[in-house]
Amino acid sequence: MTPPTSTSISVPTTRLTVAQALVRFLAAQYTERDGVRRRLIEATWGIFGHGNVAGLGQALVEYADDMPFHQGRNEQSMVHAAVGYARQSNRLSAHAVTTSIGPGATNLVTGAALATINHLPVLLLPGDTFATRSADPVLQQLEVPYAGDVSVNDCLRPVSRYFDRVTRPEALIPAALQAMRVLSDPVETGAVTLALPQDVQAEAYDWPDEFFADRVWHVRRPAADADELTEAVRAIRAARRPLIVAGGGIHHSRAEEALAEFASATHIPVASTQAGKGSLRHDHPQDVGGIGHTGTATADELARLADLVIGIGTRYTDFTTASNTLFAAPDVRFLNLNIAPYDGHKLSATPLIADARSALEQLTEALALHDHRVTDEYTREYTEDKERWEQRVDAAYEADEPDVRPTQPQVLGALDALADESDIIINAAGSLPGDLHKLWRARSYDQYHLEYGYSCMGYEIPAAIGVKLAAPERPVWALVGDGTYLMMPTEIVTAVQEGIAIKLLLIQNHGYASIGGLSESVGGERFGTAYRYQADDGTYTGAPLPVDLAANVASLGMRVLRAKTVRELRAALAEARTADTPTCVYVETETADTVSGAPPAQAWWDVPVAETATRPSAVKARELYERHVSTRRRHL
């Protein structure tokens, strides 16, 4: 009997290195949502060393027309820039970041954590040690006696939503496809890491041409389950004092209009987290401002009395819940609309697992059948409270004497008076997030860009570059204190090099103002939080350091406008806003041990205080702490 003959199928192939194939592949990936298509990986950031210069470095030169490149100065900063771009692009387009092995790779970890915590896509392409182990140990290799397959890149595993090490050329195909799946998934997205051994990067392989064909990743909008929708409608109709907590998921879904229609129809007030601020314009009748430890008195009082909290796209961090002390009504219940089941079930909530825009449209339609809205009395209550809070904002912003040094809120007031809906403000850490969350009047859905999931000092300047790349026609402001500035100013050079006209508002108050105030409140006596010389007792309570941050900014190539008074500040901000080159406005406010002038916290935040101490400040702080802790509850 004659055995059957096998028929081989000829598949067109192209011989390329692994790095060349990866760049070709990335240039052909797209997302599509609501009929709009965008490139998934729009550009690559890089710093080159021996771990990636001959592989990805050569490939990016080879395909420069297909893959735009940005030269970074710090690996962490490059990730921040990529994250800023992704957020401004509504997570539909992202950047890749390549580094060498060793310290270049481990410098990615902080940026990766920030991206993953905030559910923002970024593709990390660190070099790795030799897969063949022909040069072992290679320069910068971590030797692990108990495991031969571990490298420093394994530090990226816990902060990545997907991780793979491409130890063979053909393994790139499934790894790259999985990476794109995660980057484009509205639930799973975050940092994605493909560790690339430097020998494998340069190795050639016959790639199927189909690997380089255009590929579209559809970003889904799942609607609400019928039973969950019915339960949600029932809960809303039964509530007497409902409150919406708008989180970052509103922006990720572009559900701002759907939320505005829902709030207008039902008159349910809307408070916002740091990530969700701007979900409604500040002048929308149902907007009651920020919620939680850095929130407004209006929103926090509504939260204390709410019988139904409707969380939309929020993770319910401790700042939002005031460390589980804010939602104090005995019968309070939660309804969570979230595309992520993990977040949808928090606080023992009734879950509504769906895309925010899709589900809000469904809820609006369903409640309209019952002509449902909250009582006029409830509406009057929060409307009057909001008016009173706006008067406090006006008072904080007001500067009766224009020829004196401004307070920090007066700095924000000067910018607030100048900005329109096209401006974008970026911040992440220090005392500014608290002042901004309470005071800033968001005029558009994407004006308020606060990274408060990781609250990473040093995020603002590189993120502003990423945002400006995504929105080149808009004024983009990085708001930075002196503590944050000194963490990571290096990407100013990148902005200057590429002519990216970001605006830097640098506020000098001689220390860590936010942590200084916190330290004082928990009995730490502001120890180690001021930028001052050491005194004889070892504390940093001497004269302020003679540091000229404006001169430092100028030395990096950025134009600097110094402002000493409120009047000069207003003029400098106006000049910077119209500048077509990177421009810094430098202003000195009060020192870090002086009250900023903003309204104090309207809700608690749990920072444990020493249980036993001899210093009176700590003893007193512990007494206050125990009173607050007694109000904490688990929502079951």
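A salt bridge is a side-chain nitrogen of Lys or Arg within 4 Å of a carboxyl oxygen of Asp or Glu. In the present structure, which is a predicted model, Asp34, Arg221, Asp355 and Arg357 are linked in a network of such bridges. By the same rule, the count for the structure comes to 35 salt bridges.

Three further pairs illustrate how these contacts are placed with respect to the surface. The side chains of Asp154 and Arg157 meet with an N to O distance of 2.6 Å. Asp154 has a relative accessible area of 16% and is therefore buried, whereas Arg157, at 41% relative accessibility, counts as partly exposed. In a second pair, a salt bridge joins the side chains of Arg281 and Asp283, at 2.9 Å from N to O. Arg281 is partly exposed at 35% relative accessibility, and Asp283 is likewise partly exposed, with a relative accessible area of 46%.

The third pair lies within a helix. Glu626 forms a salt bridge with Arg622, and their closest N and O atoms are 3.1 Å apart. Because Glu626 and Arg622 are 4 residues apart in helix H24 (residues 616-629), about one helical turn separates them. Glu626 counts as partly exposed, at 45% relative accessibility; Arg622, at 17%, counts as buried, since the limit for that class is under 20%.

With regard to overall architecture, the protein has 24 helices and 23 strands. Its radius of gyration is 26 Å, close to the 26 Å that the globule rule gives for 636 residues, so the protein is as compact as a globular protein of that length. Taken along the principal axes, the C-alpha atoms fill a box of roughly 90 × 70 × 55 Å. Among contacts in the protein with a separation of 6 or more, 76% are accounted for by residues 24 or more positions apart.

Of the 636 residues, 57% count as buried. The largest nonpolar core has 53 residues, and those with the most contacts inside this core are Ile236, Leu259, Ile291, Ile312, Phe327 and Leu360. Helix H14 (residues 356-368) contributes the largest share of the core, namely 6 residues. The surroundings of Ile236 can be described in detail: when residues up to four places away in sequence are not counted, Ile236 touches Phe262, Ile268, Leu308, Ile310, Leu335, Leu363, Leu367 and His372. A second, separate core comprises 48 residues, including Ala81, Leu124, Phe163 and Cys456.

At the surface, the accessible area of the protein comes to about 26100 Å², of which 51% belongs to carbon and sulfur atoms. Phe48, Val53 and Phe69 make a nonpolar surface patch of about 240 Å². Within this patch, Val53 has its place in helix H2 (residues 53-62). At 45% relative accessibility, Val53 counts as partly exposed; Val53 therefore lies above the cut-off for patch residues, which is over 30% relative accessible area.

Conventions:
Residues are numbered from 1 along each chain as its sequence is written. This is a predicted model: local features need pLDDT of at least 70, side-chain atom pairs count only at pLDDT 80 or more; totals for chains, interfaces and linings use all residues. Side-chain values use heavy atoms; hydrogens and water are left out. Patches are made of residues with over 30% relative accessible area and no salt bridge: like charges are joined within 9 Å, nonpolar side chains (Val, Leu, Ile, Met, Phe, Trp, Tyr) within 5 Å. Accessible areas come from the Shrake-Rupley method with a 1.4 Å probe; for residues, only the protein chains shown count as cover. Helices (H or I, at least four residues) and strands (E, at least two) are DSSP runs, numbered from the N terminus. Buried means under 20% relative accessible area, exposed over 50%, partly exposed in between (1.4 Å probe, protein chains only). A nonpolar core is a set of buried Ala, Val, Leu, Ile, Met, Phe, Trp, Tyr and Cys residues joined through side-chain atoms within 4.5 Å. Contact means heavy atoms within 4.5 Å. The radius of gyration is taken over C-alpha atoms; the globule rule is 2.2 Å times the number of residues to the power 0.38.
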